[in-house]
Amino acid sequence: MVSHADAVADHGHHEIAIPYNVTPRPDTGVYNAKLGVWLFLASEVMLFGALFSSLILLRTGAPSWPRGWELLNVWAATLNTFVLISSSVTVVLAWSYLRLGDLKMGRIYIGLTLLCAAIFMVVKGFEYTHEFREGNFPSKGNFFALYFTLTGLHGLHVLGGMIVFFYFLTVGSKMWKTEPQRYTNRIEVVGLYWHFVDLVWIFLFPTLYLL
Amino acid sequence: MTENVVHEHDSHNDPEHIRREIRVYKIIFASLLVLTVLTVGVIKVGDVPIHYAIMIALAIAITKGTLVAGFFMHLLSEKKLIYAVLALTVVFFAFLIWLPLHDVYTKMGK
């Protein structure tokens, strides 16, 4: 059944609402944005998959390959792993509290997620600065080329998430007053994206820093 | 405000169920932290040989990934269409990873 929020709005001007962004679409069983984000994440898997595939090819084809901890700061990366895992739980808690109708707690946890993302980027910034000072640029060799490509692309994803969280924490949260379920769904969708960003880091961390 | 919220599944959205979920999320969070410490502890501090290190690191990463996907991304109880999308993704991802590994094994055979 299409809710009022999903129905086509016609108030004298030709405004067409996006259907099924609150209630599940009967044939898919999910609201449209949720299916949309999963399709987007599928394409993201292929993007990072291609880079992981390149890493395997270059590493196994190289006569020697450094162990990450000899060149990189493992403790900074471990701290970042804790920070990103924490942000994953804060975003899912934000969604849970919104489902309970508690906007205040929801916003606190969205804010904490944003804070964790910012800490991650600052730590990454220190790492990059240190590497550049040591003369470790992407042009130095395959290891650093892969390190900067993979962590750089991942960092861009973190930055993208930060922009979206900032929006939902500030002006985007106005939607709660009129369409609380739609706002809650939006946090679920951005949360799915954020968990994917966390998942990628879970595999990047041992691959680049420990092996 | 809560009464206005339209729920997808009433049984999954009653406050008690959500509070139980919150408790589960906190347990998963603690498990992920422990597994991270384990990864660093075993591989770096223990200085495990590279062949074992790869197996241990991958096993822990897959476990952590499964926990995130299963609980935080709710893949333990998702709709069939989402599973279908992911199944197709897994096939293509596996092919991408198989390509370089196949190349390695071919070279080893020569």
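This report walks through chain A, its contact with chain B, and a few helices on either side, all taken from a predicted model.

## Chain A overall

Chain A is helical in its secondary structure: the count is seven helices and zero strands. Reading along the sequence simply gives α-α-α-α-α-α-α. The C-alpha trace spans about 70 × 35 × 30 Å along its principal axes.

Of the 211 residues in chain A, 37% are buried. If you take the contacts in chain A with a separation of 6 or more, 68% of them join residues 24 or more positions apart.

## Where A meets B

The two chains touch through 46 residues of chain A and 45 residues of chain B. On the chain A side, α1 (32-61), α3 (74-99) and α7 (180-210) each put in at least two residues. The biggest giver there is α1(A), with 13 residues. Sorted by class, the chain A side has 29 nonpolar residues, 15 polar ones and just two charged ones.

## Helix α1 of chain A

Is the length of α1(A) what you'd expect, or not? Let's do the sum: with 30 residues at 1.5 Å a residue, α1(A) should span 44 Å, and its end C-alpha atoms are indeed 44 Å apart, so the two agree.

As for burial, the residues of α1(A) that qualify are A:K34, A:L35, A:W38, A:F48, A:F52 and A:L55. Note that a lysine, A:K34, is on that list.

## The α3/α7 pair in chain A

Two of the helices that touch chain B also pack on each other. The axes of α3(A) and α7(A) lie 9 Å apart, at an angle of about 165 degrees. An angle over 145 degrees counts as roughly antiparallel, so that is how α3(A) runs relative to α7(A).

The crossing of α3(A) and α7(A) is left-handed. Their contact brings together 16 nonpolar, six polar and three charged residues.

## Helix α1 of chain B

Over in chain B, helix α1 covers residues 15-45, which is 31 residues. From first C-alpha to last, α1(B) reaches 44 Å, close to the 45 Å expected at 1.5 Å a residue. After α1(B) comes B:D47, with a positive phi near 45 degrees.

Which residues of α1(B) are buried? They are B:I28, B:F29, B:L32, B:T36, B:T39, B:V40 and B:I43. The cover over these buried residues includes α2 (50-72) of chain B itself, along with α3 and α7 of chain A.

Terms used: Residues numbered from 1 in each chain as written. Chains lettered and ligands numbered in written order. Predicted model: local features only at pLDDT ≥ 70, side-chain atom pairs only at ≥ 80, totals over all residues. Contact = placed C-beta atoms within 7 Å. Helix = DSSP H or I, 4+ residues; strand = E, 2+ residues; numbered from the N terminus. Nonpolar A, V, L, I, M, F, W, Y, C, P; charged D, E, K, R; others polar. Axes fitted to C-alpha atoms, helices over the stretch in contact; angles between N-to-C directions. Parallel < 35°, antiparallel > 145°, perpendicular 65-115°, else oblique. Left-handed = near helix turned anticlockwise from the far one by under 90°. Expected span 1.5 Å × (residues − 1). Buried ≥ 20, exposed ≤ 12 C-beta atoms within 10 Å, placed from the backbone.
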